[in-house]
Amino acid sequence: MGAWHDEQAHAAFEQRLREMTPSLWALYAVVALNLGVWLANLADGMGALQPATADLFRWGASSASAVVRDGEWWRLLTATVLHGGLLHLALNMYALWVAGTQVCRWFGNGQFLLIYWGSALAGSALSLHFSAQQAVSVGASGAVFGVLGAV
């Protein structure tokens, strides 16, 4: 009796979430943006599995010298839609899809976007401090971790 009741309660909860947020347009848009940028990178001749650092930088990768010294603050956001190859993109988008579906349903599309882009910016800033001083930094990992944290 207990297991059946738990399954029924879970199904009712999921149904209420679907009613509250019937369309996950924000999640679809973020995934489409990441995939679209990657496809544009390929069309521009960037390597699919291991793009060159110079190509990533030209497209907006983050680095301490560019952001801090040259004042190119916009790289903190553009870097979040660039990826270091197909595997990097696939893993980020898979994790985003799994966690993002729930977060988007729980919080709604607007709050999902706030969580995603706020986490993306925070992740870029932390990456800039810890790893992008000698290299470039790319990827949606900071945003994905923020969405996972919201779960």
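**Reading an eight-helix chain**

The chain holds eight helices and zero strands, where helices (H or I, at least four residues) and strands (E, at least two) are DSSP runs numbered from the N terminus. This is a predicted model, in which local features need pLDDT of at least 70 and side-chain atom pairs count only at pLDDT 80 or more, while totals for chains, interfaces and linings use all residues. Residues are numbered from 1 along each chain as its sequence is written, and side-chain values use heavy atoms, with hydrogens and water left out.

Q: What is the mean pLDDT of the chain, and which elements have the lowest and highest values?
A: pLDDT is the predictor's confidence in each residue, from 0 to 100. Where pLDDT is low, the predicted coordinates should not be read in detail. Here the chain has a mean of 92, and 98% of its residues reach 70 or more. Among the elements, helix 1 (residues 2–20) has the lowest mean, 81, and helix 2 (residues 25–43) has the highest, 98.

Q: At what angle do the axes of helix 6 and helix 7 cross?
A: Axes are lines fitted to C-alpha atoms, for helices over the stretch in contact, and angles run from 0 to 180 degrees between N-to-C directions. For helix 6 (residues 86–107) and helix 7 (residues 109–130), the axes come within 7 Å and cross at roughly 130 degrees. The two helices are therefore oblique to each other: angles under 35 degrees count as roughly parallel, over 145 as roughly antiparallel, 65 to 115 as roughly perpendicular and the rest as oblique.

Q: Which residues make the contact of helix 6 with helix 7?
A: Contact means heavy atoms within 4.5 Å. Helix 6 contributes L96, G100, V103, C104 and F107, and helix 7 contributes N109, Q111, F112, I115 and Y116. By class there are seven nonpolar, three polar and no charged residues; Ala, Val, Leu, Ile, Met, Phe, Trp, Tyr, Cys and Pro count as nonpolar, Asp, Glu, Lys and Arg as charged, and the others, Gly among them, as polar.

Q: Let's turn to a single residue: where is F57, and what does F57 touch?
A: F57 lies in helix 3 (residues 53–59). With a relative accessible area of 31%, F57 is partly exposed, as buried means under 20%, exposed over 50% and partly exposed in between (1.4 Å probe, protein chains only). Not counting residues up to four places away in sequence, F57 touches S63, A66, R75 and V136.

Q: How many residues does the chain have, and what share is buried?
A: Of the 151 residues in the chain, 38% are buried.
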